[in-house]
Amino acid sequence: MTKVTQPGQNGRYGRPPVAHLPPGPRSPSAVQTLAWWTRSIPYFERCRARYGKRFTLRLLSTPPSVHLSDPDEIKEVFTAPADVLHPGEGARILEPVVGANSVILLDEGAHLSQRKLMLPAFHGERMAALTGLLEEVTEREVASWPLDEPVALHPRLQALTLEVILRAVFGLEPGPRLESLRDAFAMILGFGNHPASMFPPLQRGERWNEYERSRAAIDALLFELIDERRADPAAEERDDVLAMLLAARHEDGSPMSDQELRDELMTLLVAGHETTASELAWAFERLARAPRSLAALLDEVDADSGDDYITATIHETLRRRPVIPNAAPRLTKEPVTIGGFDYPEGVVLLANAYLVHHDPEIYPDPYAFRPERFLGEKPGTYTWIPFGGGRRRCLGASFALLEMKVVLRAVLSRAEPLAANDPTEGSRRRSITLSPRRSSLTVLRPRVRGRVPVPA
């Protein structure tokens, strides 16, 4: 049996010998980290072309990470016992933002218990109750967007999705507290543009000090909000997600602590704000360059004839441009065999969503944007994984899909998106997400009702 060094024996993490992991780049960790941060997608594709559907990257300050893009192996990872693979430890790098009690960072029994507390807040009837608020906030924001001139949609979508989170999840009404939280969150979320958001050795200096001051200001506002809502006898009658979390009880009958509530609110903010904004930015970036798809979608919106095509469009956007390309990293807690390969303890196994979604054996012509792939066809459990999978599938997936539908309908009822720059936009990294490099620069042309002319 291969001896595996333990954390602390060789830096922060034990480093299994290179020979005992799948092949991968041999360049220094700093070089691999730079490539991963600046050009993630080309780097992943080069690695797959050279090493196949299973390769190892070694980034700074993290355990070795093995990227998997074979659906059978991904199924094994998603269904592995909770005590063998730890997704929470695999995502520990997010702790400075979301907090140690975040459902993302918990494992085994603690994760299951917290997940049970949060699930009711995202049931269908709860989402339906929030639809009117989503539409109100979205229509007001979209009405302020300029027409007939190039506009960077990504920052506007970030502002919109942040407003939605503050209203629908935190339950805030327009006013000074919402504005204070919005301003503080903007700094926290902007910090995601810097590599320090992901790598502890860089978390120092004035930039980091400013981040910590903003985080402390947010915490003070959140704890004040939680105290007020606990004291409000009518709190449980509200429809927002915070009301559901305040009413939730652990198995012993105890409520969630203030710190638990704070950490889960921050988790919902981080997971629900930037990911949805970036995914919507990609949707408009793709539709502006896919006139046939845009025409079909506008026909459905105008006819108010259901949501089959808008749902297929969202599914295809999530396939073509998954904003989190590596689904739910899992740290091996003991030796485990996946796909016939024996992994030692101390390795992170990643389902690489981008590579799975662009495998021509699964999706013919994978780089084409074709919503028709998903008309009458449900996404595959292990071949369509923008929300991860298994017991760690994203809790807020239904909320994200609902929000995307509301925003697409609101914008397309008013305007047609036209590309304002090159044929396609590359990606840039913001912490764990990938967004359009040029911020989805788009011209919104006022709608002329009827079919969009389609090139012959």
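Trainee: When do two strands pair?

Mentor: Two strands count as paired if DSSP finds at least two bridges between them. In this predicted model, strand S10 (residues 427–430) and strand S11 (residues 433–436) are joined by 4 bridges. The threshold for pairing is at least two bridges.

Trainee: What is the bridge partner of Arg428 in S11?

Mentor: S10, residues 427–430, pairs with S11, residues 433–436, in the antiparallel sense. The two strands form a hairpin with 2 residues between them, and Ser431 in the turn has a positive phi of about 55 degrees. Across this pairing, the bridge partner of Arg428 is Ser435.

Trainee: Which strands stand at the edges of the open sheet?

Mentor: The open sheet has 5 strands in the order S1-S2-S8-S5-S3, with mixed pairing. Each edge strand has a single partner strand, so one side of each is left without a neighbour in the sheet. The edge strands are S1 (54–57) and S3 (85–86).

Trainee: In which sense do S2 and S8 pair, parallel or antiparallel?

Mentor: Strands of a sheet can pair in either sense, through backbone hydrogen bonds. On one side, strand S5 (residues 326–332) and strand S8 (residues 348–352) are antiparallel over 4 bridges. Strand S2 (residues 65–68) also has 4 bridges to S8, and the sense there is parallel.

Trainee: What is the bridge partner of Arg330 in S8?

Mentor: Arg330 belongs to the pairing of S5, residues 326–332, with S8, residues 348–352. In that pairing, Leu331 stands opposite Val348. From the S2 side, Val66 has Leu349 as its bridge partner. For Arg330 the partner in S8 is likewise Leu349.

Trainee: How many residues of S8 are buried?

Mentor: One side of S8 carries Val348, Leu350 and Asn352, and the other carries Leu349 and Ala351. Both faces are covered, with these residues all buried. The count for S8 is 5 of 5.

Trainee: How many residues of H12 are buried?

Mentor: Helix H12 (residues 258–287) has 30 residues and reaches 43 Å from its first C-alpha to its last, close to the expected 44 Å. It is largely enclosed by the rest of the structure, because the buried residues number 26 of 30.

Trainee: How many residues of H14 are buried?

Mentor: The end C-alpha atoms of helix H14 (residues 308–320) are 18 Å apart, which agrees with the span its 13 residues should have at 1.5 Å a residue. Its buried residues include Tyr309, His315, Glu316, Arg319 and Arg320. The helix is therefore largely enclosed by the rest of the structure, the buried count being 12 of 13.

Trainee: What is the volume of the largest cavity?

Mentor: Rolling a probe the size of a water molecule over the atoms shows where empty space is left. With a cut-off of 30 Å³ or more, the count comes to 1 cavity. The volume of the largest is about 40 Å³.

Trainee: How many residues in the lining of that largest cavity are charged?

Mentor: The lining consists of Ile41, Trp282, Arg321, Pro322, Pro325, Tyr354, Ser427 and Leu434. They divide into 6 nonpolar and 1 polar, which leaves the charged group at 1.

Trainee: How many disulfides are there?

Mentor: A disulfide needs a pair of cysteine sulfur atoms within 2.5 Å. Cys47 is buried, with a relative accessible area of 3%, whereas Cys394 is partly exposed at 31%. By the distance rule, the number of disulfides is 0.

Definitions and conventions
Residues are numbered from 1 along each chain as its sequence is written. This is a predicted model: local features need pLDDT of at least 70, side-chain atom pairs count only at pLDDT 80 or more; totals for chains, interfaces and linings use all residues. Side-chain values use heavy atoms; hydrogens and water are left out. The expected span of a helix is 1.5 Å times one less than its number of residues. Buried means under 20% relative accessible area, exposed over 50%, partly exposed in between (1.4 Å probe, protein chains only). On a 1 Å grid over the protein atoms alone, a cavity is a set of points where a 1.4 Å probe fits but cannot get out, and a pocket is an open set with protein on both sides within 12 Å along at least five of seven lines; lining residues have an atom within 4 Å of a point. Grid points are joined across faces, edges and corners, and a volume is the space filled by probe spheres set on the points. Ala, Val, Leu, Ile, Met, Phe, Trp, Tyr, Cys and Pro count as nonpolar, Asp, Glu, Lys and Arg as charged, and the others, Gly among them, as polar.
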